[in-house]
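Subject: Structure handover and notes

Dear colleague,

Here is the structure I said I would pass on. Please open it alongside this email, as the notes refer to residues by number.

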Amino acid sequence: MESFPVISMAKLDGEERGATMQALDDACENWGFFELLDHGISPELMDKVERLTKGHYKKSMEQRFEEFASQALSKGEELDAGNMDWESTFYLRHLPVSNISEVPDLHEDYRKVMKEFATELEKLAERLLDLLCENLGIEKGYLKGAFRGSKGPTFGTKVSNYPPCPRPELFKGLRAHTDAGGIILLFQDDRVSGLQLLKDGQWVDVPPMRHSIVVNIGDQLEVITNGKYKSVLHRVVAQADGNRMSIASFYNPGSDAVIYPAAALLEAEKEGEVYPRFVFEDYMKLYAGQKFQAKEPRFEAMKSTMETVSAHAVPTA
Ligand SMILES: O=C(O)CCC(=O)C(=O)O
Ligand SMILES: [Fe+2]
C-alpha cells in the first residue's frame with residue numbers, strides 16, 4: 001500500500017512545485033488526509049502550545065476525567081461503551097468572534113498563545129484553500145468566498161486529551177466519523193498515536209510526526225468540489241499507555257453561507273445532482289445528532305432544505 005502522504009510546503013517555492021501540487025491533489029482525492037511539514041508555523045510556538053496544553057490538562061481537566069473514567073469502568077455490564085468516547089475536551093472559538101477571553105480556567109499565557117496559534121492556523125487554512133483552488137482549476141479565492149457568508153468563516157479549536165485507557169478493547173478514544181466542516185488542521189501528539197483513517201476498507205494510522213500539521217477534508221469541501229475531494233472516516237483508538245494530545249482546528253463556512261457544488265466542477269453528462277445546496281447552519285443542526293453516522297443520508301436529507309427556504313421566501317400578499 002502507498003504510504004501516508006507527507007507534503008513539505010517549502011517545496012512549493014522551488015522546482016519541485018509541480019510534483020508537490022500533484023502530491024497534494026492526490027492526497028485530497030485519494031486519502032482525504034495529509035501531513036504538512038514546513039508549513040510556516042514556528043516550532044517554538046508549537047512547543048509552547050504543547051507545553052501549556054499539557055499543563056492545563058494536568059491542572060484543570062485531569063481530575064474531572066478521572067472521575068468520569070472510574071465511573072465508566074465501574075459500570076460493568078450496564079456500560080454502553082460503544083456510545084462513549086474516552087476523551088477529555090474543551091472548545092475555543094476564534095471566528096467570527098473569539099471567546100478565548102471568556103473560557104474559564106485558562107491561564108493568561110495560555111489564552112495569549114492559543115490566540116497567536118489560531119491566527120497562524122487561519123492563515124495556513126486560507127493558503128491551503130487557495131492551493132486547492134489551483135489544483136481544482138477554479139479561481140483563486142473561490143473556496144474562501146464560498147465559506148464567507150455574511151460574517152466570514154467560522155473557525156474554532158477543539159483541544160483534546162486522550163488519557164491512557166485500561167480497557168482499550170472496550171472503549172474508543174473517538175468513534176468513527178467524517179468532519180462536518182471545511183478544512184481541518186490538527187496538531188497531534190508526536191509520541192502517542194491513535195488517529196486512524198479508513199482507506200480502501202482498512203484502518204490506516206496517521207503517523208505522529210514532530211511539528212507537523214495533519215490536514216483533512218470535511219463534508220463541505222466534498223459538496224463544493226462535487227465529490228472530487230472527499231471527507232474520509234476517521235477515529236481515535238484508545239491507548240493503554242500514554243496521554244495523547246490533539247488540537248484540532250476547524251475552518252468552516254459561516255453559519256449562513258450557502259453551500260453547493262462549484263459550477264465549474266459539475267459534470268454536464270451526469271443525470272440528477274448528487275450533492276445538495278443548503279445553508280451551512282442547517283447542515284450542522286443535522287450533524288449534531290448524526291455525527292457518528294454515514295454522511296450520505298445527511299447529504300440526501302439536505303436536498304429538501306433549500307426548497308423549504310425558497311418556499312418561505314415566496315411573497316404571500
Ligand atoms: O484527535 C484527533 O486526532 C482527531 C479528532 C477528531 O477527529 C475530531 O475531533 O473531529
Ligand atoms: Fe474528526
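The notes below start with the ligand and then go through some individual residues.

First, a caution: this is a predicted model, and every value below was computed from it.

The ligand site

Where does ligand 1 sit? Ligand 1 occupies the largest pocket. Its shell consists of Lys158, Tyr162, Leu174, His177, Asp179, Leu186, Leu195, His234, Val236, Arg244, Ser246 and Phe250. By type, six of the shell residues are nonpolar, three are polar and three are charged.

Four strands each give at least two residues to this shell: strand 4 (154–162), strand 5 (172–177), strand 10 (234–237) and strand 11 (244–252). Which strand supplies the largest share of the shell? That is strand 11, with three residues.

Three side chains are worth checking on screen for polar atoms close to the ligand's oxygen atoms. For Ser246, the distance from a polar side-chain atom to an oxygen atom of ligand 1 is 2.6 Å. In the side chain of Arg244, an N or O atom is 2.7 Å from a ligand oxygen atom. Asp179 has a polar side-chain atom 3.0 Å from an oxygen atom of ligand 1. As for cover, ligand 1 on its own would expose 290 Å², and the protein buries 96% of this area.

A link from the shell outward

Lys158, one of the residues around ligand 1, also has a side-chain partner in the protein. The side chains of Lys158 and Glu87 make a polar contact of 3.2 Å. Glu87 belongs to the loop between helix 2 (43–74) and strand 3 (88–95). Is Glu87 buried or exposed? Its relative accessible area is 17%, so Glu87 is buried, the limit being under 20%.

Backbone points

Three places in the backbone deserve a look.

- The peptide bond between Leu95 and Pro96 is cis, and its omega is near 5 degrees. Pro96 is in the loop that runs between strand 3 and helix 3.
- Asp200 is not a glycine, yet has a positive phi, near 50 degrees. Asp200 falls in the loop between strand 7 (195–199) and strand 8 (202–205). With a relative accessible area of 63%, Asp200 is exposed.
- Asn226 also is a residue other than glycine with a positive phi, in this case about 55 degrees. The loop between helix 5 (219–224) and strand 10 holds Asn226. Asn226 counts as buried because its relative accessibility is 13%.

Other residues

The remaining notes give the setting of three residues, each with a C-alpha distance to a second residue.

Ile184 is part of strand 6 (residues 183–188). Its relative accessibility is 2%, so Ile184 counts as buried. Gly156 is 28 residues away from Ile184 along the chain, and their C-alpha atoms are 9.8 Å apart.

Lys140 is placed in the loop between helix 3 (108–136) and helix 4 (142–146). Why does Lys140 count as exposed? Because its relative accessibility is 65%, and exposed means over 50%. From Lys140 to Leu129 the C-alpha distance is 8.5 Å, with their positions 11 residues apart in sequence.

Leu266 is in the loop between strand 12 (258–259) and strand 13 (278–279). Leu266 has a relative accessible area of 37% and is therefore partly exposed. Leu266 and Gly227 are separated by 39 residues in sequence and by 9.6 Å in space, C-alpha to C-alpha.

If you have time for one view only, take the pocket: ligand 1 sits there, and strand 11 gives three residues to its shell.

Regards

Definitions and conventions: Residues numbered from 1 in each chain as written. Chains lettered and ligands numbered in written order. Predicted model: local features only at pLDDT ≥ 70, side-chain atom pairs only at ≥ 80, totals over all residues. Heavy atoms only, no water. Near = heavy atom within 4 Å. Polar contact = N/O pair within 3.5 Å; in protein donor to acceptor, adjacent residues only side chain to side chain. Areas by Shrake-Rupley, 256 points an atom, 1.4 Å probe, with all protein chains shown as cover. 1 Å grid on protein atoms, 1.4 Å probe; cavity = no way out; pocket = protein on both sides within 12 Å on 5 of 7 lines; lining within 4 Å. Sits in = over half its atoms within 2 Å of the grid points. Nonpolar A, V, L, I, M, F, W, Y, C, P; charged D, E, K, R; others polar. Buried < 20%, exposed > 50% of the residue type's maximum accessible area, 1.4 Å probe, protein only.
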